[in-house]
Amino acid sequence: MTTALTRRHSESIALVALFAALLGVMGLIPKIDLPLGVHISIQTLGVMLAGCLLGPWRGLQAVCVFLVAVAVGLPLLAGGRGGLGVFMAPTSGYLLGWTAAAFVTGWLMALLPKATPLRAGISAFVASVVGCIAVLYVFGIAGLVWIAKIPLTQAIWANAAFIPGDLIKCVLTALVVHSIARAMPDWRLGGTAQRRMNTLN
């Protein structure tokens with residue numbers, strides 16, 4: 001029993017580190033700058049995947065490890081940014097919101113049906129939309145209003161530019177989860193134990 005617990009603990013640490021590194025690798029992809037100091041990057045996709053594949057707590061831990069690395073100065077954010085200064089920028093609300101987004105996405109993924117790969121993919125899409133669009137946008141808008149002193153209505157409209165790209169990321173997350181559910185039916189999506197699937201959709 002002790003050996004099994006130790007092995008699971010080691011696997012959890014490895015997965016958290018892996019997804020934190022994945023977020024860093026995604027930062028190498030150039031960002032697209034938008035007005036009002038905001039920009040589009042692919043790193044939100046990593047947050048979605050962390051929540052859906054690791055569950056709420058490990059997904060949260062992966063994002064926290066990544067943000068700590070950014071805070072100490074590693075240039076891991078899109079555009080090679082890093083350091084404490086990024087947490088004072090107008091986009092800091094989104095960075096801090098990644099923690100809540102990963103947790104909520106993982107929490108919903110754990111609750112939603114995953115009996116087949118198709119259902120798992122659909123659940124991943126829904127969880128990503130709620131966690132990494134609805135919840136994340138609340139943090140992002142709050143940051144724009146509080147730090148950049150942008151009127152609430154203007155901040156909400158600024159977020160509208162993210163919706164098409166983020167919906168595409170949600171679709172990509174669903175496809176990845178569907179593929180993993182087919183190839184690795186014992187993967188604990190959302191942190192819950194998976195039954196081995198006899199019928200793959």
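**Figure 1. Overview of the protein chain: seven helices and two strands.** The model is predicted. From the N terminus, the elements run α-β-β-α-α-α-α-α-α. The chain has 201 residues, and 46% of them count as buried. Take the contacts between residues at least 6 apart in sequence: 69% of these join residues at least 24 apart.

**Figure 2. Close-up of helix 2, residues 43-54.** This helix is mostly covered, with 12 of its 12 residues buried. The buried residues include Gln43 and Thr44 as well as Leu45, Val47, Met48 and Leu49. Gly46 and Gly51 are also among the buried residues of helix 2. The length of the helix fits its residue count: at 1.5 Å a residue, the 12 residues should span 16 Å, and the end C-alpha atoms are indeed 16 Å apart. Just after helix 2 comes Gly55, with a positive phi of about 95°.

**Figure 3. Close-up of Gln43 in helix 2.** Gln43 counts as buried because its relative accessibility is 1%, and the cut-off for buried is under 20%. What does Gln43 touch, not counting residues up to four places away in sequence? Its contacts are Leu23, Met26, Gly27, Phe66, Leu76, Leu77, Ala78 and Trp98. Trp98 belongs to helix 4, and Gln43 and Trp98 both take part in the contact of helix 2 with helix 4.

**Figure 4. Close-up of the crossing of helix 2 and helix 4.** The two axes come within 7 Å and cross at roughly 40°. Helix 2 and helix 4 are therefore oblique to each other. The crossing is right-handed. From helix 2, the contact uses Gln43, Thr44, Val47, Met48, Gly51 and Cys52. From helix 4, it uses Trp98, Ala101, Ala102, Thr105, Gly106 and Met109. By class, the residues of this contact are seven nonpolar, five polar and no charged.

**Figure 5. Close-up of the crossing of helix 2 and helix 5.** Here the axes come within 10 Å and cross at roughly 125°. That angle makes helix 2 oblique to helix 5. The crossing is right-handed. Thr44, Val47, Met48 and Cys52 of helix 2 meet Ala124, Ser128, Cys132 and Leu136 of helix 5. The contact has six nonpolar, two polar and no charged residues.

**Figure 6. Close-up of Thr173 in helix 7, residues 163-183.** Is Thr173 buried or exposed? Thr173 is buried, with a relative accessible area of 0%. Leave aside neighbours within four places in sequence, and Thr173 is in contact with Leu45, Met48, Leu49, Cys52, Ala124 and Ser128. Of these, Met48 and Cys52 of helix 2, and Ala124 and Ser128 of helix 5, also belong to the contact of helix 2 with helix 5.

**Figure 7. Close-up of helix 3 (residues 56-71) packed with helix 4 (residues 92-111).** The helices pack at an angle of about 160°, with their axes 7 Å apart. Helix 3 and helix 4 are therefore roughly antiparallel to each other. Helix 3 passes helix 4 in a right-handed crossing. Helix 3 contributes Pro56, Trp57, Gly59, Leu60, Val63, Cys64, Phe66 and Leu67. Helix 4 contributes Leu95, Trp98, Thr99, Ala102, Phe103, Gly106 and Trp107. These residues divide into 12 nonpolar, three polar and no charged. Trp98, Ala102 and Gly106 of helix 4 also meet helix 2.

**Figure 8. Close-up of Leu144 in helix 5, residues 117-146.** Leu144 counts as buried because its relative accessibility is 0%. How far is Leu144 from Gln154 in space, C-alpha to C-alpha? The distance is 9.3 Å, for two residues 10 apart in sequence.

**Figure 9. Close-up of Lys149 in the loop between helix 5 and helix 6.** Helix 6 covers 152-160. Lys149 has a phi near 60°, a positive value in a residue other than glycine. Most residues other than glycine have a negative phi. Lys149 counts as exposed because its relative accessibility is 63%, and the cut-off for exposed is over 50%.

Key:
Residues are numbered from 1 along each chain as its sequence is written. This is a predicted model: local features need pLDDT of at least 70, side-chain atom pairs count only at pLDDT 80 or more; totals for chains, interfaces and linings use all residues. Side-chain values use heavy atoms; hydrogens and water are left out. Axes are lines fitted to C-alpha atoms, for helices over the stretch in contact, and angles run from 0 to 180 degrees between N-to-C directions. Helices (H or I, at least four residues) and strands (E, at least two) are DSSP runs, numbered from the N terminus. Angles under 35 degrees count as roughly parallel, over 145 as roughly antiparallel, 65 to 115 as roughly perpendicular and the rest as oblique. A crossing is left-handed if the near helix is turned anticlockwise from the far one by less than a right angle, and right-handed if clockwise. Contact means heavy atoms within 4.5 Å. Ala, Val, Leu, Ile, Met, Phe, Trp, Tyr, Cys and Pro count as nonpolar, Asp, Glu, Lys and Arg as charged, and the others, Gly among them, as polar. Buried means under 20% relative accessible area, exposed over 50%, partly exposed in between (1.4 Å probe, protein chains only). The expected span of a helix is 1.5 Å times one less than its number of residues.
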